Each structure stands twice: as structure tokens, then as C-alpha cells.
Amino acid sequence: MITQEKYRSKVKKLLADGSVKMVIGYSPGSTADRRRPLFIRSFEEADQLVLDSNCIANLSGYLVTEGLLSDEKRVAIFLRPEGIRSLNILAAESQLNVDQIIIFGFDSIGREVNSLPGEHADEFSEFIGSIKENPPEKSREPLLYQLEQMNPQERFAFWKEEFSRCIKCYACRQSCPMCYCRRCVVDSNQPQWVNTSSHTLGNFEWNIVRAFHLAGRCVGCGNCDRSCPVNIPLRLINAKMSEEVLGSFNHFAGMSTTQEPVLASFKKEDSETFIL
Amino acid sequence: MAKIGVFICHCGENIASKVDCTKLAAAIGEHPGVAVSVEYKYFCSEPGQESVKKAIRDNNLTGVIIAACSPRMHEATFRKVCAEAGLNPYLCEIANIREQCSWVHTDKDMATEKAMDITRSMIEKVKRNNKLQPIEVPVTRRALVIGGGVAGIQAALDIANAGQEVVLVEREPSLGGHMSQLSETFPTLDCSQCILTPRMVEVAQHPKIRLLTYAEVEHVDGFIGNFKVKIRMKSRYVNRDVCTGCGDCMVKCPVKKISSEFDCGLGKRTAIYTPFAQSVPNIPVIDKASCIYFKNGKCKTCMKSCQINAINFDMQDEFIDLEIGAIVVATGFQIQNTAGYGEYGYGKYPDVITGLQFERLATASGPTSGKILRPSDGKEPETVVFIQCAGSRDPSKGVRYCSKICCMYTAKHAMLYAHKVHHGKSHVFYMDIRAAGKGYDEFTRRTIEEDDASYVRGRVSKVWLENGKLMVRGVDTLLGRPVTIPADMVVLATAMVPQPNAIEFAKTIGIAYDEYGYYNEAHLKLRPVESSSAGIFLAGACQSPKDIPDSIAQASASASKVLALFSKETLEREPVVASTNEATCAGCWGCVLACPYNAIEQKDILDRSGRIIKSVASVNPGLCQGCGTCVTFCRSNSIDLAGFTEKQIFAEMMAL
Ligand SMILES: Cc1cc2nc3c(=O)[nH]c(=O)nc-3n(C[C@H](O)[C@H](O)[C@H](O)COP(=O)(O)OP(=O)(O)OC[C@H]3O[C@@H](n4cnc5c(N)ncnc54)[C@H](O)[C@@H]3O)c2cc1C
Ligand code: SF4
Ligand code: SF4
Ligand code: SF4
Ligand code: SF4
């Protein structure tokens with residue numbers, strides 16, 4: 001266990017000796033148990049740093065903010081295991097140079113925060129491999145089992161009901177570190193593949209496209225799910241998709257900075273059951 | 001303003017019997033932008049084509065829809081028609097109302113409705129078509145033939161004799177394939193070696209053929225006219241360039257009792273060996289698994305015996321990179337493992353053998369010098385039972401298809417046996433006699449009528465040993481009663497199956513295969529020698545069970561396809577190629593990885609001072625094959641495919 005204070009002084013040291021230009025972490029939020037992202041460039045800002053079990057948002061998406069890393073200076077960031085995995089994907093998809101990133105890895109059990117050893121993304125590969133092999137027990141949602149019990153009509157009805165609340169705010173997209181495209185497919189209107197109106201068809205189109213684009217990439221950080229203002233259980237879709245990809249192609253998203261994207265790489269041993 | 005001409009073909013009765021073409025033409029005539037909507041019995045006929053040309057000229061059409069059969073049939077025909085009438089050929093589209101409509105529906109009203117939908121959807125597409133120009137790509141005039149059986153040999157010789165370069169790759173130490181194992185060949189009983197060996201020698205000596213034996217294709221990249229191929233030269237441990245083939249090493253090798261693969265286990269070979277005496281090239285290889293030196297570091301007897309120091313135990317596999325324009329796949333077949341047929345006693349009783357083993361017994365150069373002798377005691381069998389379809393046409397244990405050659409070679413075996421063992425008696429259990437082929441039925445009749453083979457129609461249920469005799473129990477279905485024949489030898493006509501690595505190999509070179517692992521032709525009837533990939537052709541038994549005449553015919557056909565491709569320096573390619581949107585590309589490089597033709601590169605966009613602003617994906621139109629894989633991958637919708645643009649496809653879908 002390492003205290004918040006120790007981290008604050010660590011951050012200050014990094015800034016003072018110029019090893020990083022910024023540290024991305026957490027600060028207190030609007031309520032006692034909410035945290036908001038903090039971008040630390042000064043000692044004063046460092047004093048606002050909080051690290052506790054309420055720090056759950058995956059901050060890695062901020063790294064691909066236009067221009068942040070283009071000066072080739074380094075940035076440090078607080079990341080949970082999911083965050084490290086999404087950082088790996090960003091690196092694997094050439095969105096950033098992972099050598100510019102210093103990781104403060106942490107995890108929490110109950111209220112207790114543990115720091116993860118390592119600094120560079122490559123140092124966490126073994127740790128991530130162990131998560132793949134032994135996923136934490138608690139992680140599978142009971143609702144997933146229920147959905148699997150349903151027949152296709154019932155499942156469709158379930159999602160129709162859920163998606164009917166979608167207001168197309170795209171908060172799920174904005175919060176997801178994997179949604180870094182300069183122009184999202186929903187914003188391309190020549191032709192307009194995804195209907196922008198919030199009706200059943202448009203909502204299905206959007207949520208299905210989103211699910212496909214995250215197949216083999218979602219790390220289950222929960223940013224999308226938490227940011228959805230109408231509480232659509234997006235985590236269920238993502239979790240199911242991750243299980244499918246793991247089962248079919250033995251692909252666990254974010255294993256390393258060089259992992260090939262599952263939908264773009266073809267291996268001789270890939271199952272071809274879907275080819276008639 | 002769009003002026004679309006729609007030409008609705010009856011295809012005789014093929015379409016007209018299920019689609020009301022008159023009603024279709026009337027309804028389509030009402031569709032916005034349609035200037036001409038007519039029907040005709042056969043638009044592909046000469047008058048049909050002329051009427052399309054006339055309509056284009058008379059009405060200044062801006063697009064043409066042929067509502068007819070699959071574009072695979074006649075897209076090229078009608079594009080040419082349009083070009084001849086002065087319309088860019090890529091402004092012509094086919095609405096498939098035959099395969100996708102009339103052939104698969106029975107209700108005429110509903111089929112007509114569907115034909116309207118299909119046609120309207122293509123009209124909306126063609127309104128958004130762009131004029132495209134074909135792309136020219138250079139052709140490397142060098143062919144690769146994979147497999148040195150009779151099919152590969154024929155293809156290589158035909159191409160080389162026409163003056164083009166050939167590289168022939170054979171994975172075994174010698175050319176020849178199965179034909180070199182055969183005794184005499186139906187239907188004329190020529191000695192197999194006598195007609196094959198001269199061709200093997202011709203291949204080896206041909207100035208236009210580069211023969212690579214004991215070699216395998218590791219990797220194939222590229223596309224028609226421009227393949228890049230990596231070949232692994234397996235280490236022979238004998239220097240190919242200096243070995244004279246004197247054979248001293250083989251005589252001296254102390255490991256002499258290895259079961260010979262070439263003789264199907266009926267003969268023996270040494271650890272340093274050539275598969276057979278007439279091997280081409282006549283250069284031995286060391287079988288690493290059996291060689292004493294490789295096992296415990298002592299021996300090197302062969303090395304000492306070699307006068308010219310051709311043997312090198314440190315030899316490593318080597319790799320050769322080749323630029324290739326066309327590929328002929330002639331990797332042949334294997335015979336099925338008979339282990340599944342325990343009731344026939346193969347493997348249990350030494351005198352139950354396969355047809356291929358019988359060939360080795362009947363060959364003058366074989367382990368018995370051509371005498372039919374039982375493997376168990378070397379005696380001449382007085383009664384032989386041949387069991388046809390041992391594996392073929394047996395969905396429960398063997399393969400569902402007919403191996404096509406077994407009826408013929410069994411007749412041949414019975415005939416050879418009669419010629420060699422005059423007092424012998426043969427019985428043949430068969431399901432049907434399938435002897436379709438020039439001189440084939442006559443051949444089987446001769447076996448029955450002149451060589452006194454008694455044919456029993458029925459299957460064998462069991463073979464067991466009793467008092468030194470192999471008891472063969474079966475049914476005679478014509479007489480409707482069980483029969484038991486005591487025999488001295490039993491010969492199984494085992495099924496022909498694809499090479500064990502056929503599917504894996506198909507993936508290496510990128511061609512399609514069927515449920516068994518035989519390689520698929522582009523069209524079973526119309527394009528039987530082309531594979532599913534342009535520039536890759538098929539020859540011989542790798543495509544389906546075949547006899548020698550069929551294998552050779554297909555090899556020559558493949559060769560002529562290769563030569564047609566090599567007849568020009570460049571190749572005109574469809575301009576269906578992808579292009580990226582540099583403004584929206586996110587630079588994830590997924591498409592670079594996904595493209596099966598390595599056609600996408602990273603391109604840096606620089607500012608005035610030469611600094612990289614960003615890197616984006618960029619398609620090389622010379623390499624792109626228009627498969628569309630990248631389009632489906634790109635999450636940011638930054639790739640579009642000419643001829644199948646998103647706008648076209650969207651319009652097509654929205655018209656439904
Ligand atoms: C028992 C028996 C009797 C027969 N008798 C007759 C007869 O009397 N008359 C007749 O017309 N037909 C006969 N046949 C059929 C005849 O053997 C075949 O038609 C013929 O051998 C097919 O030739 P091929 O070149 O296609 O295949 P193969 O002869 O199998 O040759 C394929 C070659 O490709 C090589 N190869 C395979 N994979 C690779 C690879 N990946 N890379 C490089 N090289 C590779 C193999 O080593 C082999 O040399 C008989 C067949 C059998 C089994
Ligand atoms: S889809 Fe949701 S859970 Fe998955 S990586 Fe994106 S934000 Fe995280
Ligand atoms: S965050 Fe929720 S409401 Fe907003 S677009 Fe996503 S799913 Fe719809
Ligand atoms: S997949 Fe799309 S976004 Fe990614 S590099 Fe290719 S064109 Fe660009
Ligand atoms: S369409 Fe795309 S994936 Fe297919 S060959 Fe062209 S660039 Fe490659």
C-alpha cells in the first residue's frame with residue numbers, strides 16, 4: 001500500500017526534474033465519492049491529487065488529445081489494469097508512442113489501493129497475461145446469464161426497451177479511449193449509414209456499430225456504461241463481445257503494445273465455422 | 001439527367017417461366033430515370049446484343065441494366081457491348097434475376113415482385129456509377145508449377161516448350177509422383193515408368209525449366225502476374241551441384257532395413273537413398289530420422305565412400321525468393337489410410353494389401369521384379385480377391401465420392417494377375433463398374449471375358465484367417481445370397497483422398513478447397529482449370545480424383561491458360577480499386593494489416609517545412625485487387641471502393 005502523499009511527492013519530483021511535462025490523475029469530484037480527472041502541471045495542482053478506491057475512470061483516452069504528445073515530451077498517468085490494457089491498444093493502433101508514457105499502475109480491493117509494479121507499458125505484459133488466464137471471479141454480471149437464457153425474440157425485446165432510451169448524446173463514444181477516430185462513422189453523412197435520429201432503428205444502428213467497433217478492443221473499463229445518462233447497460237454488450245472474441249480467436253484485448261487487432265489479422269488456425 | 005436502359009432477358013424459359021417479364025418491363029419503365037425498358041428472349045444472342053447497342057445510341061443512354069443471369073456469366077459480354085456502342089463499360093450493371101430469383105422461386109407473382117426489387121436496386125446503383133478506366137499491370141513471365149507428378153511434369157513441359165520460363169517445385173527427392181509407382185497403365189497397358197521417365201528427364205534437361213526437388217513452397221504473396229514466392233530448399237545433406245549419382249554412398253550405408261515409402265513398405269531402403277532407381281534428379285538425400293550419424297554423431301560411412309566429397313552433414317535449409325507470374329498447382333493425391341477398415345484385416349494380415357502395393361508387386365523394377373508374390377511367405381497366390389470401393393462411396397467410414405479410377409485399376413490388376421499367374425483365379429467384389437472413358441468399358445469387358453475374372457456384385461463384410469487362407473465373406477446381391485471365398489491374397493481398392501496437408505497448403509497459397517480438401521475450380525463447368533484466385537491454375541488429382549489421361553489433359557489446359565496470360569507484357573485489370581480519405585483516416589493501420597495483397601502503405605503528410613503532420617493509409621492501385629476487405633475493416637469509413645462505392649451500395653439498399 002502506498003499513500004496518496006507519497007504519490008504527490010513522486011509527481012512533484014517528476015515535474016521538478018523535467019522527466020514529465022504533465023501527470024494525469026484524479027481530484028475530488030462533485031460529491032464525496034466522485035472523482036474527476038486532474039491534469040497536473042504544477043506543484044499546486046499536485047496537491048489536489050487523490051488516489052483511492054473511488055478513482056475508477058479510465059484516463060487513458062486523454063493521452064490521445066490532439067497535440068498532447070506531439071512535442072515528444074513525456075506524460076505520466078494513473079491507470080488501473082483496464083487502463084493499461086487500453087493504453088496498449090492505443091499503442092498497438094499507432095495512436096501514441098508508448099515510450100512517452102510513464103504509468104502509475106494501481107488497483108483496489110474494497111477500499112484498499114495497491115500500486116502495481118512497473119512504469120513502462122511493456123513491464124505489465126506478464127501481469128495482464130495473468131488476468132487473461134485467471135479473470136477475477138466477481139467480474140461476470142448475473143444479468144449476462146439471464147440474457148443468455150432468453151430466446152432471440154426476448155433478447156431483442158430487452159435491447160429494444162433499453163435502446164429506446166438512447167438520446168444519441170454519444171457520451172459513450174466520447175468517454176471511450178478506443179473511440180479516437182477523427183471522424184466517427186456516425187458523423188459521416190455521404191451516405192448516412194447510421195441514422196442520427198433517436199428512433200428505434202437509429203438507436204439500434206448506433207449501438208450495434210459501436211459494439212462491432214469495440215469487438216476485440218473493449219477492455220471493460222466501464223467508462224461508457226458510467227457515462228450513459230440514461231443508464232443503458234452497455235457493459236453487457238461489451239462483456240459478451242469480449243467473451244466471444246476470446247473464445248473464438250483466443251484474443252484478450254490489450255495484451256501488449258504490439259498485439260494485432262483481431263478483426264484485421266488472419267491466422268491459419270482461425271476457425272472458419274462462419275464460412276459456408 | 002439519368003437515362004437508363006433496362007434490358008430484361010427471358011433466358012429462354014429459365015427466367016420467363018417464373019418471372020412475368022412483360023409486367024416487369026412495364027413496371028420498370030415507370031421507375032424514375034429509366035428511358036428504355038424492354039424484354040427479349042436472349043439478350044446474349046447476336047441480335048440481342050445488337051438491340052442493346054442500338055438502344056444505347058438511339059437514346060443516348062447514360063447507364064445500362066441487363067436484368068438476366070449472374071454477372072459471373074455475362075457481365076464481361078455486356079460491358080463489351082456497351083463499350084462498342086460508345087458507353088463506358090463500367091456504366092453497365094447486371095441485375096441477377098436468374099440465379100437469385102427465377103431459379104430459386106416457384107411462385108410467379110412473388111418472383112416477379114422480387115425481380116422488380118432487384119432491378120430497381122441496380123438502377124439506383126448504376127445512376128451513381130462513375131466512368132472508370134482499366135488499369136494496366138506488368139506481367140512477370142515466369143510460371144511456378146507446384147508438384148512434380150505427371151500433371152506437374154506435363155504443365156511444366158508445355159509452358160517451357162512454348163518458350164516461357166518455368167520453376168517446378170517438388171517436395172519429394174525425385175519427380176514422378178504416383179505414376180512412377182505404377183506398373184502398367186490402363187487402358188493400353190503401357191509400362192508406366194517407360195512412358196514417364198523420358199518426360200522426367202526432359203524436365204531436368206530443359207533449358208527453360210528450373211527444377212527444385214526436395215523443396216517446398218513456404219509463402220505466396222502478390223497477385224496475378226506478380227506473385228512473390230518463397231521456396232524452402234530442404235537440406236539434402238548431399239551437394240546437388242557436384243553429386244554424380246554414382247550411388248556408392250547408398251551401397252555403403254549400414255542402415256539398410258528402412259521400409260521403403262516408394263515401395264509402400266514392400267521393399268527396403270538405406271538411410272541415404274534415392275526413392276527409386278530412375279529418380280530424377282539422381283541425387284540421394286539423407287533421411288535424418290534414420291541416419292546413425294544424426295542419431296549419435298558416429299558413422300559418416302557415406303561421406304567416406306563419396307569420391308567427390310558431395311556429402312555435407314552441416315547443410316542447412318535454404319530459401320529462394322522468386323518473382324512469378326502464374327502458378328499451376330499439381331500437388332496430387334494420397335490413398336486413404338485403410339486402418340478404419342478393421343474388418344478387411346489390413347495391417348493385421350500381411351497378405352491383405354492395397355492397390356498401390358499391388359502395383360509395386362506387378363512392376364518389373366519393383367521389390368519382386370514383377371512377380372506376384374505374397375508378402376507373408378513369398379509364394380504365388382492361387383486365388384486373389386479384389387475389393388472395390390474400399391473407402392469410396394461409403395459415407396459412414398470412408399469418403400462419399402467415387403474415386404473414379406479404382407474400377408479401372410482393379411480390372412487392370414485382375415488382368416495383370418491373369419497374365420502373370422496363369423493358373424490363378426481372381427474374384428472382384430464391386431458395387432457398380434464405372435468404366436466411362438475411351439476404351440475403358442472394352443478394357444473391363446476383356447478382364448471379365450478373356451481373363452476370366454469373376455465379378456461379384458456386392459460388398460464384403462469380413463475377412464479372416466482360417467487354415468492359412470484369407471476367408472472373404474460378402475454378399476452376391478445379384479443372386480441374393482452370401483458368399484465366402486477362400487483366398488491367398490486380398491487387394492483393397494482404397495479411396496483416393498487429398499494430400500494430408502492439402503487444406504493447410506491451400507491457405508498458404510490462397511486458393512479455395514472443398515469439404516474434403518480437393519481444390520476448387522472457379523466454375524465447375526465453365527472454368528474447370530482456374531482456381532478461385534486469379535493467376536493460379538489447377539492440374540491433376542489435387543482437384544478431384546483423376547486418371548492419367550485426365551490429369552494430363554487438365555495440365556495442358558492449365559498450361560494454355562498460363563501461356564495466354566504470358567502472351568502480353570501487361571495485363572488489363574478491372575479498375576475496381578480502393579482509395580482512402582486522407583482527411584478522416586485515423587492512422588490505425590488496421591487496413592494495412594487486413595489487406596490480403598499488401599496493397600496499403602503508410603503515407604506521411606508533411607507541412608511546408610517538411611514536418612510530419614500526420615500519417616495516413618494510402619492504397620497502391622497497382623496492387624489492390626478490389627476485394628473490399630479494408631472497406632469493411634475501417635472503423636472511420638475512410639476507404640471507398642471504385643465501382644462499389646458506399647454511395648452506390650447505400651442507394652442499392654435503400655431502393656429495396
Ligand atoms: C493403385 C493405383 C493405380 C493406378 N493406375 C492407373 C492407371 O493404370 N492408369 C491411369 O491413367 N491412372 C492410374 N492411376 C491414377 C494416377 O496415379 C493418377 O492419375 C496420377 O498419378 C495423378 O497425377 P498427379 O500429378 O495429379 O498427382 P501425383 O501423382 O500424386 O503427383 C503429385 C506430386 O506432387 C508432389 N507434391 C504434393 N504436395 C506438394 C507440395 N506441397 N509441394 C511440392 N510438391 C508437392 C508429390 O510429391 C507428387 O510428386 C492409378 C492410381 C492408383 C492409386
Ligand atoms: S467500450 Fe466502454 S468499457 Fe469498453 S473500452 Fe470503451 S469505454 Fe471502456
Ligand atoms: S451514452 Fe447512452 S444515451 Fe448516449 S449515445 Fe451512448 S448509449 Fe446513447
Ligand atoms: S483502417 Fe481506416 S482509419 Fe485505420 S488506417 Fe486504414 S483507412 Fe485509416
Ligand atoms: S480492396 Fe482494400 S483490402 Fe482489398 S486489395 Fe484493395 S486495398 Fe487491399
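B:Asn598 is partly exposed, with a relative accessible area of 42%. This residue of the predicted model sits in the loop that runs between helix H15 (590–594) and strand E34 (600–606) of chain B. Its backbone is worth a look too: phi of B:Asn598 is positive, about 50°, although the residue is not a glycine. For context, most residues other than glycine have a negative phi, and most peptide bonds are trans. The points below start with other backbone features of that kind, then turn to ligand shells, chain B as a whole, and four individual residues.

**Backbone features to check**

- B:Ser369 is another non-glycine residue with a positive phi, in this case near 55°.
- You will find B:Ser369 in the loop between helix H10 (355–362) and strand E21 (383–390) of chain B.
- In chain A, the peptide bond between A:Gln190 and A:Pro191 is cis, with omega at about 0°.
- A:Pro191 belongs to the loop between H7 and H8 of chain A; these two helices cover residues 171–175 and 200–213.
- In chain B, a cis peptide bond leads from B:Val280 to B:Pro281, and omega is near 0° there.
- B:Pro281 is located in the loop between E15 and E16 of chain B.

**The shell around ligand 3**

- Ligand 3 is surrounded by 14 residues, and those that come nearest are A:Cys166, A:Cys169, A:Tyr170, A:Cys172 and A:Cys228.
- Helix H7 (171–175) and helix H8 (200–213) of chain A are the elements that each give two or more residues to this shell.
- By residue class, the shell around ligand 3 holds 12 nonpolar residues, one polar and one charged.

**The shell around ligand 5**

- Ligand 5 has 14 residues around it, the closest being B:Cys595, B:Cys624, B:Cys627, B:Gly628 and B:Cys630.
- The shell around ligand 5 contains 10 nonpolar and four polar residues, with no charged residue.

**Chain B as a whole**

- Chain B contains 17 helices and 36 strands.
- The C-alpha trace of chain B spans about 90 × 75 × 40 Å along its principal axes.
- Of its 656 residues, 54% count as buried.
- Among contacts in chain B with a separation of 6 or more, 69% are between residues 24 or more positions apart.
- The exposed area of chain B is about 28,700 Å², and carbon and sulfur atoms supply 52% of that area.
- On the charge side, chain B carries 75 positive and 71 negative side chains; the centres of the two sets lie 3 Å apart.

**Two residues of chain B**

- B:Thr354 is part of strand E20 (residues 352–354) of chain B.
- B:Thr354 counts as buried because its relative accessible area is 4%, under the 20% limit.
- Leaving aside residues up to four places away in sequence, B:Thr354 touches B:Ile335, B:Thr338, B:Tyr346, B:Val491, B:Leu492 and B:Thr494.
- B:Pro275 lies in the loop between strand E15 (272–273) and strand E16 (285–286) of chain B.
- With a relative accessible area of 22%, B:Pro275 is partly exposed.
- Beyond residues up to four places away in sequence, the contacts of B:Pro275 are B:Pro173, B:Ser174 and B:Phe262.
- B:Pro275 and B:Val616 are 341 residues apart along the chain, and their C-alpha atoms are separated by 55 Å.

**Two serines of chain A**

- A:Ser53 is placed in the loop between helix H2 (43–46) and strand E3 (75–79) of chain A.
- A:Ser53 has a relative accessible area of 13%, so this loop residue is buried.
- Not counting residues up to four places away in sequence, A:Ser53 touches A:Arg80, A:Ser108, A:Gly110, A:Arg111 and A:Val113.
- A:Ser164 is in the loop between helix H6 (152–163) and H7 of chain A.
- A:Ser164 is partly exposed, at a relative accessible area of 46%.
- With residues up to four places away in sequence set aside, A:Ser164 touches A:Trp159 and A:Asn203.
- From A:Ser164 to A:Asn151 the C-alpha to C-alpha distance is 20 Å, with their positions 13 residues apart in sequence.

Definitions and conventions
Residues numbered from 1 in each chain as written. Chains lettered and ligands numbered in written order. Predicted model: local features only at pLDDT ≥ 70, side-chain atom pairs only at ≥ 80, totals over all residues. Heavy atoms only, no water. Near = heavy atom within 4 Å. Helix = DSSP H or I, 4+ residues; strand = E, 2+ residues; numbered from the N terminus. Nonpolar A, V, L, I, M, F, W, Y, C, P; charged D, E, K, R; others polar. Buried < 20%, exposed > 50% of the residue type's maximum accessible area, 1.4 Å probe, protein only. Contact = heavy atoms within 4.5 Å. Areas by Shrake-Rupley, 256 points an atom, 1.4 Å probe, with all protein chains shown as cover. Lys, Arg positive; Asp, Glu negative; His and termini not counted. Charge placed at Lys NZ, Arg CZ, Asp CG, Glu CD.
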